[in-house]
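Please open the model in your viewer and keep the selection panel at hand. The stops below go from strands to surface patches.

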Amino acid sequence: MAAPEDNLNEIQLGVLSHFQDITGMEDVDECTAILERHQWDIETAVQDTFNKAEGAATVFHEEPNEVDSPPLKNGTTGSSNVVAANTERTDQAVDVHRPNMGWCNWMFSILLLPFRFTSSVVTNVFSFIMTLVWPSFYYPRRTALDDVLHFKKEFEEKYGTVHPNFYQGTYSQVLNDAKRELRFVLVYLHSDDHQHTPAFCRSTMMNSGFIEYVNGCMLFWAVDVRSAEGYRVSNALRETTYPFLALICLRDNRMTVVGRMEGIMPVDRYVSILAQLVADNEPALIAARVERQERSQTQTLRDEQDQAYHESLKADKEKERRKLEEQEKKRKEEEAIRLKEQASQNKLESIARSRVEKREQLPEEPSPSDPDVFRVLVRLANGTRLERYFLKSHKLQTLYDFVFCNEEAPAEFRLSSPLPKKVYELNNPDYTLEDVGICSSVTLYVQDTTEDSDSD
């Protein structure tokens with residue numbers, strides 16, 4: 001695509017160059033458009049441009065007519081392209097001539113010149129003081145991340161998307177990531193006000209070799225120095241001119257600037273300087289990686305040892321717990337046996353005392369000559385025979401007490417007769433022998449019920 005200045009003749013090129021020198025504007029397209037609007041009259045174009053910069057009303061607002069545009073190099077009029085691009089507009093271009101300024105207007109302008117100069121000086125001094133006292137006064141209220149993302153958006157709108165991969169995070173974030181990953185960080189501080197910035201962005205930032213090298217070796221972080229985040233980083237790095245690049249990496253366990261590149265240079269020079277800086281500082285990063293790996297391995301080994309220790313301690317605790325449970329279980333079993341034995345012993349002692357008491361309470365054996373006397377023969381399970389005389393009026397409890405008082409008799413039992421087969425239960429202690437049917441000599445058997453009582 002041809003550059004705009006290729007369509008201009010020598011006179012127009014001279015006017016364009018003179019206009020750029022006076023106004024300080026670098027954009028050729030914008031300067032050409034301003035001169036075309038003013039019919040290539042440099043005096044009115046400069047005056048109108050300064051009026052617009054100072055906030056005053058502009059004089060020339062409308063597009064010039066095709067007839068009034070000076071001829072271009074190829075013979076077409078200077079505004080033919082503009083008219084062709086706006087064929088849909090219904091309003092026609094009006095021929096605007098610069099008003100003739102009389103000597104009164106010139107004298108009035110000369111009288112106002114000191115006031116304009118004083119106002120400009122005061123404004124500049126105030127801006128400078130506010131920049132020192134309150135640096136963020138002129139900055140839009142954005143976060144540090146917003147400043148970085150906003151610069152990326154503006155850069156791509158102006159220069160395109162062909163550039164190194166911008167790190168989309170704050171300055172502190174990129175330093176933390178580089179420190180964690182042990183990588184280089186290339187910081188670019190952008191200044192739109194510097195004359196070499198456009199050339200650097202187009203020749204270096206968009207160069208494929210530069211892009212490939214930067215993306216392969218380091219993180220790339222960029223910001224506009226006019227933003228709050230850019231101002232802070234600019235104060236930290238203290239650059240003196242633009243374009244400015246700084247290479248940062250980990251040295252002595254902190255992020256350090258190991259190289260600075262200031263001013264415009266050929267792209268090969270940038271790459272060679274970066275390659276030399278990387279070669280000089282790569283051993284330190286390699287040593288840091290080895291140290292970090294050793295430290296990580298040591299920590300891993302320590303963690304494994306700690307885990308093994310905790311597992312062993314847990315196993316020992318489990319073993320100790322089971323041992324205590326077994327001991328407690330054994331103690332309870334022994335205690336139950338002891339209590340059972342104690343209860344059995346107490347029961348035997350109680351039975352022995354009861355035998356003595358029952359023996360003392362037994363009535364005297366009646367005389368065999370008594371007409372109401374009859375003999376009772378009692379056989380124990382072991383074959384022992386017990387014999388005694390009783391009266392019909394004796395209670396059944398007395399017969400049971402007589403049998404119980406014998407040392408070989410069971411503690412609990414029932415009396416029964418074989419023929420006729422009958423069990424004499426001790427249901428009512430007031431029953432007499434006559435009441436239960438024992439009125440004559442009889443043989444009774446002792447049935448031990450102690451086991452049944454224990455099971456219950």
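The tour that follows names what to select and says what is there.

This is a predicted model, in which local features need pLDDT of at least 70 and side-chain atom pairs count only at pLDDT 80 or more, while totals for chains, interfaces and linings use all residues. Residues are numbered from 1 along each chain as its sequence is written, and side-chain values use heavy atoms, with hydrogens and water left out.

Select strand β5, residues 373-379 (strands are DSSP runs of E, at least two residues, and helices are runs of H or I, at least four, numbered from the N terminus), where five of the seven residues are buried, that is, under 20% relative accessible area with a 1.4 Å probe and protein chains only. Add strand β6, residues 385-391, which pairs with β5 in the antiparallel sense over seven bridges; pairing requires that DSSP find at least two bridges between two strands. Here R375 stands opposite Y389 of β6, and the hairpin has five residues between its strands, with G383 in the turn at a positive phi of about 95°.

Next, bring in strand β9, residues 442-448, which runs parallel to β5 and is joined to it by four bridges; R379 has Y445 as its bridge partner in β9.

Turn now to helix α5, residues 103-133, which holds V125, a residue that counts as partly exposed because its relative accessible area is 43%, between the 20% limit for buried and the 50% limit above which a residue is exposed.

Finish at helix α2, residues 28-37, where E30 lies; at 40% relative accessibility, E30 is likewise partly exposed.
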